Amino acid sequence: MRATKKRTLVKTLVYRCWVVLSTYVMLLITGQDYDTAILPAIIINLVWTTSYYWYDRLWSRIKWGLSV
């Protein structure tokens with residue numbers, strides 16, 4: 001069983017959309033206004049999205065823990 005690059009990309013993007021929203025809400029809750037909260041939420045999550053994509057691709061090459 002092996003994940004395709006397309007599957008990894010879609011899974012990553014869906015997850016990161018959720019994280020961007022939750023990061024933004026957390027920044028708003030901590031007292032940031034809209035303009036101050038949105039840029040850090042986007043920048044932080046662009047970096048983490050790229051990192052997560054490559055991390056997941058690495059794990060897709062590891063056979064340990066997979067069953068057929």
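**Exercise 1.** In this predicted model, name the residues that form a positive surface patch.

Solution.
- Step 1. The positive surface patch consists of Arg2, Lys5, Arg61 and Lys63.
- Step 2. Take Arg61 and place it along the chain: Arg61 sits in the segment after helix H2, which spans 34–60.
- Step 3. Exposed means over 50% relative accessible area. Arg61 has 60% relative accessibility, so Arg61 counts as exposed.

**Exercise 2.** State which residues form a nonpolar patch on the surface and how much accessible area they have together.

Solution.
- Step 1. The nonpolar patch is made by Leu39, Ile43, Ile44, Val47 and Trp48.
- Step 2. Together these residues have about 480 Å² of accessible area.
- Step 3. Leu39, one of the patch residues, belongs to helix H2.
- Step 4. Leu39 counts as exposed because its relative accessibility is 52%.

**Exercise 3.** Find the salt bridge, locate both partners, and decide for each whether it is buried, exposed or partly exposed.

Solution.
- Step 1. Side chains of opposite charge can pair when their charged atoms come close.
- Step 2. The cut-off for a salt bridge is a nitrogen-to-oxygen distance within 4 Å. Asp56 and Lys11 meet it through their side chains, at 3.3 Å from N to O.
- Step 3. Asp56 is in helix H2 and Lys11 is in helix H1, so the pair ties together parts that lie 45 residues apart in sequence.
- Step 4. The count by this rule is 1 salt bridge.
- Step 5. Buried means under 20% relative accessible area. Asp56, at 13% relative accessibility, therefore counts as buried.
- Step 6. Lys11 has a relative accessible area of 35%, so Lys11 is partly exposed.

**Exercise 4.** For Thr12, give the helix, the burial class and the backbone oxygen that lies by a polar atom of its side chain.

Solution.
- Step 1. Thr12 is placed in helix H1, residues 5–29.
- Step 2. Its relative accessible area is 1%, so Thr12 is buried.
- Step 3. A polar atom of the Thr12 side chain lies 2.7 Å from the backbone oxygen of Thr8.

**Exercise 5.** Work through the points of Exercise 4 for Thr49: which helix, buried or exposed, and which backbone oxygen does the side chain reach?

Solution.
- Step 1. Thr49 is part of helix H2.
- Step 2. With a relative accessible area of 14%, Thr49 is buried.
- Step 3. The Thr49 side chain reaches the backbone oxygen of Asn45, at 2.5 Å.

Notes
Residues are numbered from 1 along each chain as its sequence is written. This is a predicted model: local features need pLDDT of at least 70, side-chain atom pairs count only at pLDDT 80 or more; totals for chains, interfaces and linings use all residues. Side-chain values use heavy atoms; hydrogens and water are left out. Patches are made of residues with over 30% relative accessible area and no salt bridge: like charges are joined within 9 Å, nonpolar side chains (Val, Leu, Ile, Met, Phe, Trp, Tyr) within 5 Å. Accessible areas come from the Shrake-Rupley method with a 1.4 Å probe; for residues, only the protein chains shown count as cover. Lys and Arg count as positive and Asp and Glu as negative; His and the chain ends are not counted. The place of a charge is taken as NZ of Lys, CZ of Arg, CG of Asp or CD of Glu. Helices (H or I, at least four residues) and strands (E, at least two) are DSSP runs, numbered from the N terminus. Buried means under 20% relative accessible area, exposed over 50%, partly exposed in between (1.4 Å probe, protein chains only). A polar contact is a pair of N or O atoms within 3.5 Å; within protein, one must be able to donate a hydrogen and the other to accept it, and residues adjacent in sequence count only if both atoms are side-chain atoms.
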